[in-house]
Amino acid sequence: MLRKLLFRQAPRAHRFLSTQSTLPLLSKCSVFSYCSSSRPEIPPSNSIEHLEDQPTNTITIDRSGLYSAPEHSHEPSTDSELVKHLKGIIKFRGGPISVAEYMEEVLTNPKAGFYINRDVFGAEGDFITSPEVSQMFGEMVGVWAMCLWEQMGQPKRVNLVELGPGRGTLMADLLRGASKFKNFTESLHIHMVECSPALQKLQHQSLKCMDEENTSEGVDKRSLSTLAGTPVSWHATLEQVPFGLPTIIIAHEFYDALPVHQFQRGSRGWCEKMIDVTEDSSFRFVLSPQPTPATLYIMKRCKWAVPKEVEKLNQIEVCPKAMDLTSTLAKRIGVDGGGALIIDYGLNGVVSDSLQAIRKHKFVNILDNPGSADLSAYVDFASIKHSAEEASDDVSVHGPITQSQFLGSLGINFRVEALLQNCTDEQAEALRIGYWRLVGDGEAPFWEGPEEQVPIGMGTRYMAMAIVNKKQGIPIPFQ
């Protein structure tokens, strides 16, 4: 089942740090108000803890937010290592952590993070991504990259970067499809930005890499993909990718895994939702009693929005890492040339309450057994656009357009027809299903199998956006 299959039936659970330097800014902002220092009380809702003022003329110490450890028990703990780690952070801090910090630990904790030590993709994993649906997706992304390379003037050396490559399926399909275009593939140095050692091994296999032995000290081991004779390097972060060359960056289903901060509107304005530990040692949501560092980002996000867009919302998600990453991409592209392609599910506007947990293709509670389910949130494409344009005057932003429009304009219709000419009946059925899932909208009209297995199109759920150097013109197919 695809992530998109789940969106039809998913009930959304409601989910949504403090510096003195933010307070002068807040006092000057006439549009927003934020929670002021206060004490907690238990409201009618059992999921969120609210806070109310309790003024005093004397100096007192408020210990209400401190972690209270449960009574000692000789029974062995059933908590996983990650759960113990999260509770340890909360206990050490003496108070709750942000949803973003919780999300980051759950997904990328070096020892127990969801992505770190397992293969989470495909039918046997927790969710299926577009490259796993059909080879045509990677091939069409390859067409886009080649067209951009031509607009760049066909440079002899180019960095081709993929952020969060999963199993490496997209890049493998891209290289296979482009292998006949020698001038393009010979110009490439592939850089896979991946923090998971387990996924790095899978990517190495997918790209059919051979490692060259190098006995020289201080020289990194060099891998070569036999799919197109292209050198491949792995990095934990984008910052480790060398500068100075034109760069093409692909971010497919990467932004949706970046940690989000959640804010909820209260009587005093926007308060950040945090995660704390209850007396019975389970996790719960609470509201921050005062402005947090992420408050600066919600102020920036609301500044970009139309006032009416914000007024109707009771919850807002902001993703500082997405804003900062986009700024980094835009600055690099502005200086070195090239472009970035971002494909993900999301909205072209302010995102309200979208954070979700998926385990074995089913939605589960976000706080249930952290580390055993994927966490993701809608991508705010409008925020990406504003972040890029503020970061560099030398880039232009195009889109978003739907994935169906993007793939259709690049020729996926012709590609599927060509593939259908030379395949078995079983392969033809798989091609039709894959094609529908990539570009269709809703249930496949041709499906005759079990109702619970009907293919659901994600052609309008996913969107594509490009950030390119202005000198290169408008990229295909955003004209």
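**Exercise 1. Backbone outliers in loops**

Task: Locate Ser281 relative to the strands of the chain, and state what is unusual about its phi.

Solution. Ser281 is found in the loop that links strand 11 (269–277) to strand 12 (283–287). The structure is a predicted model, and in it Ser281 has a positive phi of about 70°, although it is not a glycine. Most residues other than glycine have a negative phi.

A second case follows. Glu253 occupies the loop between strand 9 (247–252) and strand 10 (261–266). This residue is likewise not a glycine, and its phi is positive, at about 50°. Is Glu253 buried or exposed? The limit for a buried residue is under 20% relative accessible area. Glu253 has 11% relative accessibility and therefore counts as buried.

**Exercise 2. Cis peptide bonds**

Task: Identify which peptide bonds leading to Pro400 and Pro477 are cis or trans, and place each proline in the secondary structure.

Solution. Begin with Pro400. The bond from Gly399 to Pro400 is cis, with omega near 10°. Pro400 belongs to strand 19 (residues 395–402). Of the 8 residues in that strand, 7 are buried, so strand 19 is mostly covered. Strand 19 pairs with strand 22 in the antiparallel sense, over 6 bridges. Within this pairing, Ile401 has Ala464 of strand 22 as its bridge partner.

Turn next to Pro477. The bond from Ile476 to Pro477 is cis, with omega near 0°. Pro477 lies in the segment after strand 22 (462–469). As background, most peptide bonds are trans.

**Exercise 3. An open sheet**

Task: Give the strand order of the sheet that contains strands 15, 16 and 17, and explain why two of its strands have a side without a neighbour.

Solution. The sheet is open and consists of 3 strands in the order 16-15-17, with antiparallel pairing. Strand 16 (362–364) and strand 17 (374–376) are at the edges; each has a single partner strand, so one side of each lacks a neighbour in the sheet. Neighbouring strands are turned against each other by 40° on average, direction ignored.

Consider one pair in detail. Strand 15 (residues 356–359) and strand 17 are joined in the antiparallel sense over 3 bridges. Gln356 stands opposite Ser376 in strand 17. In general, the strands of a sheet pair through backbone hydrogen bonds.

**Exercise 4. Nonpolar cores**

Task: Name the residues that touch the most other members of the largest nonpolar core, and list the contacts of Tyr102 beyond its sequence neighbours.

Solution. The largest nonpolar core has 52 residues, and Tyr102, Tyr255 and Ile467 touch the most other members. When neighbours within four places in sequence are left aside, Tyr102 is in contact with Leu86, Ile97, Ile275, Ile366, Leu367, Pro370 and Leu375. Apart from this core lies another, of 51 residues, including Val133, Leu148, Trp149 and Ala466. In soluble globular proteins, nonpolar side chains tend to be buried together.

**Exercise 5. Cysteines and the whole chain**

Task: Classify Cys302 and Cys423 by accessibility, and state how many disulfides are counted.

Solution. Cys302 has a relative accessible area of 7% and is buried. Cys423, at 26% relative accessibility, is partly exposed. The count of disulfides is 0.

For the wider setting, the protein chain has 479 residues, of which 54% count as buried. The chain exposes about 22800 Å², and carbon and sulfur atoms supply 50% of that area. Its secondary structure comprises 16 helices and 22 strands.

Key: Residues numbered from 1 in each chain as written. Predicted model: local features only at pLDDT ≥ 70, side-chain atom pairs only at ≥ 80, totals over all residues. Heavy atoms only, no water. Pairing = 2+ DSSP bridges. Helix = DSSP H or I, 4+ residues; strand = E, 2+ residues; numbered from the N terminus. Axes fitted to C-alpha atoms, helices over the stretch in contact; angles between N-to-C directions. Buried < 20%, exposed > 50% of the residue type's maximum accessible area, 1.4 Å probe, protein only. Areas by Shrake-Rupley, 256 points an atom, 1.4 Å probe, with all protein chains shown as cover. Disulfide = S-S within 2.5 Å. Core = buried A, V, L, I, M, F, W, Y, C linked by side-chain atoms within 4.5 Å. Contact = heavy atoms within 4.5 Å.
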